[in-house]
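I opened the notebook to record a few local lookups, one site at a time, with the cut-offs written beside each term.

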Amino acid sequence: MRSNPDAVDPGAAIGDFYDLAGMVPEEDRALLKGVREFLAEHVTPRVDDHWAHATYDLDFVPAIRELGITGMQYDGHGCPSHSSLTSGLVTMELSRVDPSFATLLGVHGGLAVGSIMLCGSEEQKAAWIPPMLRWDTIGAFGLTEPDVGSGVSRGLMTTARRDGDDWVIDGAKKWIGNATFADVIVIWGRDTGDDQVKGFLVEKGSQGLTTEKIEGKVALRSVQNALITLDGVRVPESHRLQNASSFRDTARVLRLTRAGVAWSSVGCAVGAYEAAREYAMEREQFGRPIAGFQLVQDLLSKMLANITASQALGARLAALQDDGSITDQQASLAKMYCTTRTRETVSWAREVMGGNGILLENKVARFLVDSEALYSYEGTREVNSLIVARSITGISAFV
């Protein structure tokens, strides 16, 4: 029996043309369904209002706690321990509705939890991870600085000085998501004793710690980014991440979360693609839907091709994560490629909508500007490109 060539492909309609969801176990597919239901109930109804007013609330905490997707890529101390592919698909689902929401969870459950899981002692993991998984303690990650972005490996200016049983931290951090309300911020500073980068758990309310919300953003507006000032902040030795002794350890965290940003950017592209497809099916010109026009169909096909190629790259990267062989340059290639393709895809989605594409109610405008933040954070395209090229040539072009 011949299939109908004009039938709508369900995978194409939801941006999963090669059925990546079919690669994970049935229980994980049920988890993805639960995530979609959670987003539809708790995030979608308020996403535009939060974006317009640069606000976010934490009313979702009880529901997200029940979902069990916080720290899902890690193993032990109560972490859900899902495959990297399932974790990536969940991140994609979050971002296809709201990249800001995906960032909020990524900072807390990826960067903050990940710093402790990968660089903390067993005692620190036991003390911090369970309450963070319950969202009783919310985390942030302080690496980027006002004058040092992607070059922090060599140019970190925040200092940490040992003073008896304490450390004294001085410096500033910028663009730190969640920092305005976080209970603990992982601060990375350069030890004045050995000139190596170390990590510290700085608790909310610490004397000398101030956080100021960054205003005027036009991307990821709902993320509460802060400028952090550390003026003689004292932290006990017990709050120093015991297994972080150089920037190589910081990079272990970034290696995994950089892959997460790649998945988040794919989700951003999927959200824009779905909105453009829906619009094209409903918008009529000359008595028929514009989805039947050749130029619109070409744009939709190119968008889906970008998405599918990025998903395939992400799936392979997830396999490398799970077998423990992932490298910095592989993570960098994924971040570089996926965010670049997303930038292209969301612009085509805006093109499908014409002038209506700049209206918030049509969703694409939000994805369009949010993609710009994803393109830059966790290492700019250029920095990730140089990391990849260094592995190609054996020659460093960094200065």
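**Thr308 and its surroundings**

I looked up Thr308 first and noted that it is buried because its relative accessible area is 8%, where buried means under 20% relative accessible area, exposed over 50% and partly exposed in between (1.4 Å probe, protein chains only). I kept in mind that this is a predicted model, in which local features need pLDDT of at least 70 and side-chain atom pairs count only at pLDDT 80 or more, while totals for chains, interfaces and linings use all residues. Residues are numbered from 1 along each chain as its sequence is written, and side-chain values use heavy atoms, with hydrogens and water left out.

I placed Thr308 in helix 10 (residues 294-322); helices (H or I, at least four residues) and strands (E, at least two) are DSSP runs, numbered from the N terminus. A polar atom of the Thr308 side chain lies 2.8 Å from the backbone oxygen of Leu304. Leaving aside residues up to four places away in sequence, I found that Thr308 touches Phe17 and Tyr18, contact meaning heavy atoms within 4.5 Å. I also recorded that Gly15 and Thr308 are 293 residues apart in sequence, yet 7.7 Å apart in space, C-alpha to C-alpha.

**Lys173**

I then asked whether Lys173 is buried or exposed. Lys173 counts as buried, because its relative accessibility is 0%, and its place is in strand 5 (residues 166-177). Its side chain makes a polar contact with the side chain of Glu145 at 3.0 Å, a polar contact being a pair of N or O atoms within 3.5 Å; within protein, one must be able to donate a hydrogen and the other to accept it, and residues adjacent in sequence count only if both atoms are side-chain atoms. A polar atom of the Lys173 side chain also lies 2.7 Å from the backbone oxygen of Trp188.

**Positive phi**

I checked Asp19, which is not a glycine but has a positive phi of about 55 degrees, and which is found in the loop between helix 1 (10-13) and helix 2 (26-42). His77 has a positive phi near 55 degrees and lies in the loop between strand 1 (75-76) and strand 2 (79-80). Most residues other than glycine have a negative phi.

**Helix 6**

I noted last that helix 6 (residues 99-119) bends by about 35 degrees at Gly106, the bend being the angle between axes fitted to the seven residues ending there and the seven starting there. Of the 21 residues of helix 6, 19 are buried.
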